[in-house]
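Welcome, and thanks for taking a look at this model with us. Please have the structure open as you read.

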Amino acid sequence: QVQLVESGGGLVQAGGSLRLSCAASGSISSIAYTNWYRQAPGKQRELVATISSGGSTDYADSVKGRFTISRDNAKATVYLQMNSLKPEDTAVYYCNVRARGLFKLHDYWGQGTQVTVSS
């Protein structure tokens, strides 16, 4: 079992920055991937950024060059630094981890944090 607590959302003007945090507890050694998803009103949840246990990262095309995913292993925390924010980045952002189980990967989700970008 992995528990996730997110923080860092809020209201920011277009062009501004925010940093989201996702603190994990529990079986953190089993985490294979940590992902940030977002869901805007009326839209499907989309994958924004991912970081593997080996440190590899990947991003959605819409955020490449603006968002950076990173982690602090000592704090068991993954961050999403969001720069040059646009109104279309407005969404609820969710932290997700995929953790190794006995036979398969298990998904765990945070509670979500609202990001609102005003124009």
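This report walks through the nonpolar core, the salt bridges and one strand residue.

Please keep in mind that the model is predicted.

**The nonpolar core**

Let us begin inside. The largest nonpolar core is made up of 30 residues, and W36, L80, M82 and Y93 have the most contacts inside it. Many strands take part: two or more residues each come from β1 (2–7), β3 (18–26), β4 (31–39), β5 (46–52), β7 (67–72), β8 (77–82), β9 (91–100) and β11. Of these, β9 gives the largest share, with five residues.

**Salt bridges**

Now to the charged side chains. Side chains of opposite charge can pair when their charged atoms come close. How many salt bridges does the structure hold? There are five, and the table shows three of the pairs, with the distance between N and O atoms.

| Pair | N to O distance |
|---|---|
| D89 and R66 | 2.7 Å |
| R98 and D107 | 3.0 Å |
| K64 and D61 | 3.3 Å |

Are D89 and R66 buried or exposed? D89 is buried, because its relative accessible area of 1% is under the 20% cut-off. R66 is buried as well, with a relative accessible area of 11%. As for their place in the chain, D89 sits in the loop between β8 and β9, while R66 belongs to the loop between β6 (57–59) and β7, so their salt bridge ties together parts that lie 23 residues apart in sequence.

The salt bridge between R98 and D107 involves two partly exposed residues: R98 has 31% relative accessibility, and D107 has a relative accessible area of 38%. Some salt bridges also share partners, and in this way R38, E46, R66 and D89 are joined into one network.

For the pair K64 and D61, the two partners fall into separate classes. K64 counts as partly exposed at 47% relative accessibility, whereas D61 counts as exposed at 65%.

**A residue in strand β11**

Finally, have a look at S118. S118 is part of strand β11, which covers residues 113–118, and β11 is also among the elements that give two or more residues to the core. S118 itself counts as partly exposed, at 26% relative accessibility. Which residues does S118 touch, leaving aside those up to four places away in sequence? They are L11, V12, Q13 and A14. With A14, S118 has a C-alpha separation of 5.7 Å, although the two are 104 residues apart along the chain.

Note on methods: Residues are numbered from 1 along each chain as its sequence is written. This is a predicted model: local features need pLDDT of at least 70, side-chain atom pairs count only at pLDDT 80 or more; totals for chains, interfaces and linings use all residues. Side-chain values use heavy atoms; hydrogens and water are left out. Helices (H or I, at least four residues) and strands (E, at least two) are DSSP runs, numbered from the N terminus. Buried means under 20% relative accessible area, exposed over 50%, partly exposed in between (1.4 Å probe, protein chains only). Contact means heavy atoms within 4.5 Å. A nonpolar core is a set of buried Ala, Val, Leu, Ile, Met, Phe, Trp, Tyr and Cys residues joined through side-chain atoms within 4.5 Å. A salt bridge is a side-chain nitrogen of Lys or Arg within 4 Å of a carboxyl oxygen of Asp or Glu.
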